Amino acid sequence: MTASTNVLRELAGLFVDDGALALTIMAVVIVAGLVAILIPDAPLAAGAILLVGCLAALVWSVIKAGQC
Amino acid sequence: MTGSLALVWPVMAAAFLASLVEAVEALTIILAVAIVRGWRPAGLGALAGLLVLAFIVAILGPLLDHVPLRLLQFVIGVLLLLFGMRWLRKAILRAAGVIPLHNEAMAFATETAELREQARRNEERLDWLAAIATFKAMLLEGLEVVFIVIALGGGRGMLIPASAGAVFACLAVAAVGLIVHRPLARVPENTLKFAVGVMLSAFGVFWTGEGLGVPWPGADFAIVGFAAIFLAVSGAAVALVRRPKTEALS
């Protein structure tokens, strides 16, 4: 049981290291998805939000870790 | 068509480099176990891990054909963003000296020390523990390789080039490991992780956007532009948080 829990924990760790970064990425994806649904005439807006949002999330996470 | 062909080499290169990192990490643990306890438990554990991995691929592989393409692109895009940006964040922090560099020689020394300590405490169970260590290493690092192959290749029918890149990387590391019998400490792991993090993040933005129906300018070539943007921003982030080397080591 412990071994399988460890394996599952390590598998989750493949995608989530800094929880705040993972949550921010998910938030960016959700906002981009909402924009894609609500403004179908401007599909590139969702793409721009996705790209800029992910870059901003990365820089913010790095700066935050750098300050610790 | 041209767009899809343009993806073959980036997909193969990304799968090769990412799998190279994972294979080096697995090799370090397998070598440590083999040196402390012999090749038999190390090899049996690794083989069992490989068989479980093959079983998982055989079960999950055919299911991919039944998932709608847009949904598949979106899901693997999001997973690639989480996976790639996690790698990229860590590589940036290591390059900036905020956290210490990963050291295969040190990982090897730690693993052998742990196994020797286990041997001192419980000699008769050691073969079993040694086999579990290599089983776990092969399974976990292998799952990462499988994920990378599916994530890079699944979104546009590029599973063959992605698999070829991954298989070539694993065979190359296994061959070098068998010859030198030492952890591959001279592989510039952080540089590889930086490059792979950039590529996986670029693919992640691209696939997630495709899944959302974004008509990227330049079609598949947009990935190259995203990679260049991620590289530039990551380089700037390194400069922004850079610390002196002595501070990172403490």
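Colleague: Which residues does B:I30 touch, leaving aside those up to four places away in sequence?

Modeller: In this predicted model, B:I30 touches B:A42, B:A46, B:T134 and B:A137, with residues up to four places away not counted. Touching here requires C-beta atoms within 7 Å of each other.

Colleague: What makes B:I30 stand out in the largest nonpolar core?

Modeller: That core has 100 residues, and B:I30 is one of those that touch the most other members. The others are A:C54, B:A15, B:V33, B:L152, B:A202 and B:F203. In soluble globular proteins, nonpolar side chains tend to be buried together.

Colleague: Which helix gives the most to this core?

Modeller: Helix α1 of chain B, residues 2-37, gives the most, with 20 residues.

Colleague: What is the make-up of chain B in helices and strands?

Modeller: Chain B has 9 helices and 0 strands. Buried residues make up 50% of its 250 residues. Among contacts in chain B with a separation of 6 or more, 87% join residues 24 or more positions apart.

Colleague: Why are α3(B) and α7(B) described as roughly antiparallel?

Modeller: Helix α3 (residues 69-95) and helix α7 (residues 189-211) of chain B pack at about 150°, with axes 6 Å apart. Angles over 145 degrees count as roughly antiparallel, so α3(B) and α7(B) are roughly antiparallel to each other. Their crossing is left-handed, and the residues of this contact divide into 19 nonpolar, 9 polar and 5 charged.

Colleague: How do you know which word fits α7(B) and α8(B), oblique or roughly perpendicular?

Modeller: Their axes cross at roughly 130° and come within 8 Å. Roughly perpendicular covers 65 to 115 degrees, and roughly antiparallel starts over 145; α7(B) and α8(B) are therefore oblique to each other. This crossing is right-handed.

Colleague: Which residues meet where α7(B) and α8(B) touch?

Modeller: From α7(B) they include B:A202 and B:F203, along with B:F194 and B:F206. Among their partners in α8(B) are B:F226, B:F230 and B:L231. By class, this contact has 13 nonpolar, 2 polar and no charged residues. You met B:A202 and B:F203 earlier, among the residues touching the most other members of the largest nonpolar core.

Colleague: What makes B:A219 unusual in its backbone?

Modeller: B:A219 has a positive phi of about 50° although it is not a glycine. Most residues other than glycine have a negative phi. B:A219 is found in the loop between α7 and α8 of chain B.

Colleague: Why is B:A219 called partly exposed?

Modeller: The count for B:A219 is 15 other C-beta atoms within 10 Å. A residue needs 20 or more to be buried and 12 or fewer to be exposed, so B:A219 falls in between and is partly exposed.

Colleague: How do you know whether B:R243 is buried, exposed or partly exposed?

Modeller: By the same kind of count. B:R243 has 13 other C-beta atoms within 10 Å, and exposed would need 12 or fewer, so B:R243 is partly exposed. B:R243 lies in the loop between α8 (222-241) and α9 (245-249) of chain B.

Colleague: Now for the partner chain. How many residues of each chain are in contact?

Modeller: 30 residues of chain A are in contact with 32 residues of chain B. On the side of chain A that touches chain B, α1 (2-13), α2 (19-38) and α3 (43-67) of chain A each give two or more residues. α3(A) gives the most, with 15 residues. The residues on that side divide into 23 nonpolar, 4 polar and 3 charged.

How values were computed
Residues are numbered from 1 along each chain as its sequence is written. Chains are lettered from A and ligands numbered from 1 in the order in which they are written. This is a predicted model: local features need pLDDT of at least 70, side-chain atom pairs count only at pLDDT 80 or more; totals for chains, interfaces and linings use all residues. Helices (H or I, at least four residues) and strands (E, at least two) are DSSP runs, numbered from the N terminus. Two residues are in contact if their C-beta atoms, placed from the backbone, lie within 7 Å. Ala, Val, Leu, Ile, Met, Phe, Trp, Tyr, Cys and Pro count as nonpolar, Asp, Glu, Lys and Arg as charged, and the others, Gly among them, as polar. Axes are lines fitted to C-alpha atoms, for helices over the stretch in contact, and angles run from 0 to 180 degrees between N-to-C directions. Angles under 35 degrees count as roughly parallel, over 145 as roughly antiparallel, 65 to 115 as roughly perpendicular and the rest as oblique. A crossing is left-handed if the near helix is turned anticlockwise from the far one by less than a right angle, and right-handed if clockwise. A nonpolar core is a set of buried Ala, Val, Leu, Ile, Met, Phe, Trp, Tyr and Cys residues joined through C-beta atoms within 7 Å.
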